[in-house]
Amino acid sequence: MIMSKNRYRSSRGAIVLNAIALAVTILPIISIGWWTFDMVKPDSRQTVSLQQIEARPAPRLHEEPLVTVTFDDGWESIYSEAAPIMGQYQIASTQYILPSQFNAPQYMSVGQALSMRQAGHEITSHTYTHANLTKLSDKQIKEELDTSIEVLKKFDLIDEDNLNFAAPLGATDSRVMSHVESRFASTRNVMGDLGKDISGNDMTLPGKLDRYNITGYTVGQYTTDEQFQGALNYAKKHNAWFIPIYHQIDDSGDKYSVTPETFERHMKMIKASGIKTGTMREVLRSEESQ
Ligand SMILES: [Zn+2]
């Protein structure tokens with residue numbers, strides 16, 4: 001902070017101004033410190049703990065059907081509405097989140113994300129700001145990916161090894177993928193849509209895992225129970241890996257919102273199917289151990 005000496009000649013005036021300058025400098029530092037402290041506390045109001053990951057039988061890709069419940073963007077409603085339901089049904093999800101949004105309205109705070117991680121959900125990157133990576137320069141792509149990893153790491157939301165990734169809008173090309181593959185262990189795409197009946201052509205079938213092109217199925221308010229059940233039936237019949245993709249879990253009626261009631265029916269259908277569930281990390285680890 002630089003002040004003009006010519007304009008403030010009296011020494012008393014200078015002291016007052018210095019005091020003001022000091023306050024202006026220090027107060028934001030104190031409040032940022034407080035804000036950070038507050039953000040980093042795990043928020044344990046609503047999260048129901050899942051069984052310890054170790055205690056759950058390891059999901060085994062190719063040998064049995066599997067479901068991985070995934071979420072994109074890190075909406076706060078995932079924490080407030082979906083997490084308690086998943087806790088009830090003992091389903092651990094993979095959360096592709098946007099670390100730039102931690103302090104934004106309608107998005108999960110750091111504390112909420114931490115609380116989800118501690119309950120057994122996998123937190124990982126969906127880039128830093130939800131940029132369409134195919135439209136960025138190499139330098140910008142690196143920044144989007146590296147900043148997301150740095151911030152998640154800073155808040156103890158990830159283990160650095162075997163990080164999984166999902167690109168915003170599913171937008172990738174070979175240039176983007178060269179950056180992604182050097183940092184992440186997998187990429188989930190958005191090739192599937194649960195507004196259609198499942199032909200299964202895109203679902204990961206036994207022996208057909210392509211780590212950097214794993215098909216996810218977008219679930220929206222348009223998805224019928226029959227379509228959801230159809231995907232589970234297909235997975236069961238073919239030992240396939242069904243990966244639904246959710247966004248907000250609320251009553252907004254947005255195209256990609258699902259109501260808490262519908263979400264609960266889906267979780268119930270998964271449980272009733274008898275198909276094992278696991279996070280991306282768990283499923284891909286089981287693949288490595290074979
Ligand atoms: Zn997204």
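Me: Which residues form one aromatic cluster with Phe71?
Reply: Phe71 shares that cluster with Tyr246 and Phe263. For rings of Phe, Tyr and Trp (its six-membered ring), a pair needs centres within 6.5 Å; planes under 30 degrees apart are called stacked, over 60 edge-to-face, and the rest tilted.

Me: Before I go on, what kind of model is this?
Reply: It's a predicted model, where local features need pLDDT of at least 70 and side-chain atom pairs count only at pLDDT 80 or more, while totals for chains, interfaces and linings use all residues. Residues are numbered from 1 along each chain as its sequence is written, and side-chain values use heavy atoms, with hydrogens and water left out.

Me: Back to the rings. How many aromatic pairs does the structure hold?
Reply: Nine. One of them is Phe102 with Phe155, an edge-to-face pair with 6.0 Å from centre to centre and 90° between the planes.

Me: Which parts does that pair tie together?
Reply: Phe102 is in the loop between strand E3 (94-97) and helix H3 (110-118), and Phe155 is in the loop between helix H4 (138-154) and strand E5 (164-166), so the pair links parts that are 53 residues apart in sequence. The helices (H or I, at least four residues) and strands (E, at least two) are DSSP runs, numbered from the N terminus.

Me: Is Phe102 buried or exposed?
Reply: Phe102 is buried, at 7% relative accessible area, and Phe155 counts as buried too, at 9%. Buried means under 20% relative accessible area, exposed means over 50%, and partly exposed is in between (1.4 Å probe, protein chains only).

Me: New topic: what coordinates the zinc ion?
Reply: Asp73 through OD, plus His126 and His130 through NE2, at 2.1 to 2.2 Å. Donors here are N, O and S atoms within 2.8 Å of the metal (3.2 Å for Na, K and Ca), and water is not among the atoms, so a site may look incomplete.

Me: What spacing do those donors follow along the chain?
Reply: The pattern is D-x52-H-x3-H. As for cover, His126 is buried at 1% relative accessibility, whereas His130 is partly exposed at 26%.

Me: What's odd about Thr127?
Reply: Thr127 isn't a glycine, and yet it has a positive phi of about 75°. You'll find Thr127 in the loop between strand E4 (122-125) and H4, buried at 0% relative accessibility.

Me: And what about the phi of Asn162?
Reply: Asn162 has a positive phi as well, about 50°, again without being a glycine. Asn162 is in the loop between H4 and E5 and is partly exposed, with 30% relative accessible area.

Me: How many bridges join E5 to E6?
Reply: Three, and these strands run parallel; E6 covers residues 186-193. Two strands pair if DSSP finds at least two bridges between them. Phe165 stands opposite Thr187 in E6.

Me: Which helix goes with E5 and E6 in a β-α-β unit?
Reply: Helix H5 (residues 174-181), and the unit is right-handed. That means, with the strands pointing away from you, the path from the first strand over the helix to the second runs clockwise.

Me: Which strand do four bridges join to E6?
Reply: E7 (residues 214-218), again running parallel. In E7, Tyr217 is the bridge partner of Gly192.

Me: Zooming out, how many helices and strands are there?
Reply: Eight helices and 10 strands. Of the 290 residues in the protein, 48% are buried.
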